[in-house]
Amino acid sequence: MTEVKDTIEYLLRLADSALIQGQRLCEWCGRAPALEEELALMNVGLDLVGQARNWYDYAAELLADGRDADHLAYRRDERAFRNLLLVEQPNGDYAVTITKQFLYDAWHLAVLRALSQSGDARIAGIANKAVKEVTYHLRRSSEWMERLGDGTEESHARMLAALPQVWRFTVELTQGDELELALHEAGIAPDPLAIASAWRAQVEETFARATLPVPAPAVNFYLSGRRGLHTEHLGTLLAEMQSLQRAYPDATW
């Protein structure tokens, strides 16, 4: 029973992070620096929303309490969300958006590749399907990191300014907790240390090509998305994202 409860919690972490990152990307609709970029961002955002739906569907089945994926996405309060702190941060300028996307993509792909070998067949199937999409996400964000970091004097300066704004939130990408360790022992989730190692290797490789310095490892602070302790930005995002469902609960088209 404990393993099922832990699996639900882990599924919500994956779903919430994908949903919130997808929502942030979709905020660029009508605001992107070029039409091609707007289309690309929307596609990545929709990929993530679709992946979130798959995780929510499985979580809802395990919960078996009448809630469905829409309820989990649109009718939980801020403290119930388990997303990474990184993904809830504002978009900022395009350098911030790309840096945030890359740091998330590098972690996300490492996690999905490992989950595709999960002992839970449902998790393995969802992850295996998502790997194809996130491989493209990482390739795209890596190329933009290099293009901006090793581009013009201004683009390089903007990337250097973007890094401190988001880097401290990467601590959750490199440190697991007791729940993840327990699920790893059960053969369901990946080894957090292996994920951290793969993430660091990808970051170091990409930053080298982008002529950007790799900051010192981020350290723990009092906030934690895993425990529902979020920054002030998530509440504002949820208020907008959930407004229709909150105003008209259980409405159907």
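## The second largest pocket

In this predicted model, the second largest pocket holds about 150 Å³ of space. Its lining is made by Val171, Glu172, Gln175, Gly176, Asp177, Asn220, Phe221, Leu223, Ser224, Arg226 and Arg227. If you sort the lining residues of this pocket by character, you get three nonpolar, four polar and four charged.

One of the lining residues, Phe221, is worth a second look. Arginine 168 lies over the face of phenylalanine 221, and the distance to the ring centre is 5.2 Å.

## Aromatic rings in pairs

How many aromatic pairs does a search of the whole structure find? It finds eight. To read such pairs, keep one idea in mind: two aromatic rings are described by how far apart their centres are and by the angle of their planes.

Take tyrosine 94 and tryptophan 144 as a first example. Their ring centres are 5.7 Å apart and their planes meet at 85°, so this pair is edge-to-face, because an angle over 60 degrees counts as edge-to-face. Here the pair links distant parts of the chain: tyrosine 94 belongs to helix 5 (residues 94-115) and tryptophan 144 to helix 6 (residues 121-149), with their positions 50 residues apart. Tyrosine 94 has a relative accessibility of 12%, so this residue counts as buried. Tryptophan 144 is buried too, at a relative accessible area of 15%.

Now turn to tyrosine 104 and tryptophan 107. With ring centres 5.9 Å apart and planes at 35°, the pair is tilted. Both residues lie in helix 5, three residues apart, which is about one turn of the helix. Is tyrosine 104 buried or exposed? Tyrosine 104 is buried, because its relative accessible area is 1% and the cut-off for buried is under 20%. Tryptophan 107 also counts as buried, at 11% relative accessibility.

## A ring cluster and a charge over a ring

Ring pairs can join up into a group as well. In this model, they link Phe102, Trp167, Trp199 and Phe207 into a cluster.

Tryptophan 144, which you met above, has another partner. The charged end of arginine 147 sits over the ring of tryptophan 144, 4.4 Å from the ring centre.

## Two residues of helix 11

Let's visit helix 11 next. Methionine 241 is found in this helix, which spans residues 232-241. Its relative accessible area is 11%, so methionine 241 is buried. Which residues touch methionine 241, once its neighbours within four places in sequence are left aside? The contacts are Leu19, Ile20, Gln23, Ala73 and Tyr74. By contrast with these contacts, you can also look at arginine 13: its C-alpha atom is separated by 18 Å from that of methionine 241, and the two residues are 228 apart along the chain.

Histidine 233 lies in helix 11 as well. At 23% relative accessibility, histidine 233 counts as partly exposed, because buried would need a value under 20% and exposed one over 50%. Leaving aside neighbours within four places in sequence, histidine 233 is in contact with Arg24, Glu88, Gln89 and Pro90. One of these contacts shows how the chain folds back on itself in space: histidine 233 and glutamate 88 are 145 residues apart along the chain, yet their C-alpha atoms are separated by 6.4 Å.

## Two loop residues with positive phi

Two loop residues catch the eye through their backbone angles. Alanine 64 has a positive phi of about 50°, although this residue is not a glycine. You will find alanine 64 in the loop between helix 2 (35-63) and helix 3 (69-74). Its relative accessible area is 65%, so alanine 64 is exposed.

Threonine 211 is not a glycine either, and its phi is positive, at about 50°. This residue sits in the loop between helix 10 (192-209) and helix 11. Threonine 211 is partly exposed, with a relative accessible area of 41%.

## A lysine on helix 6

Finally, go back to helix 6, where lysine 132 lies. Is lysine 132 buried or exposed? Lysine 132 counts as exposed, because its relative accessibility is 67% and the cut-off is over 50%. Measuring from C-alpha to C-alpha in the model, you can place lysine 132 at 29 Å from alanine 80, a residue 52 positions away in sequence.

Note on methods
Residues numbered from 1 in each chain as written. Predicted model: local features only at pLDDT ≥ 70, side-chain atom pairs only at ≥ 80, totals over all residues. Heavy atoms only, no water. Helix = DSSP H or I, 4+ residues; strand = E, 2+ residues; numbered from the N terminus. Buried < 20%, exposed > 50% of the residue type's maximum accessible area, 1.4 Å probe, protein only. Contact = heavy atoms within 4.5 Å. Phe/Tyr/Trp six-rings, centres within 6.5 Å; stacked < 30°, edge-to-face > 60°. Lys NZ or Arg CZ within 6 Å of the ring centre and 35° of its normal. 1 Å grid on protein atoms, 1.4 Å probe; cavity = no way out; pocket = protein on both sides within 12 Å on 5 of 7 lines; lining within 4 Å. Points joined across faces, edges and corners; volume = space filled by probe spheres on them. Nonpolar A, V, L, I, M, F, W, Y, C, P; charged D, E, K, R; others polar.
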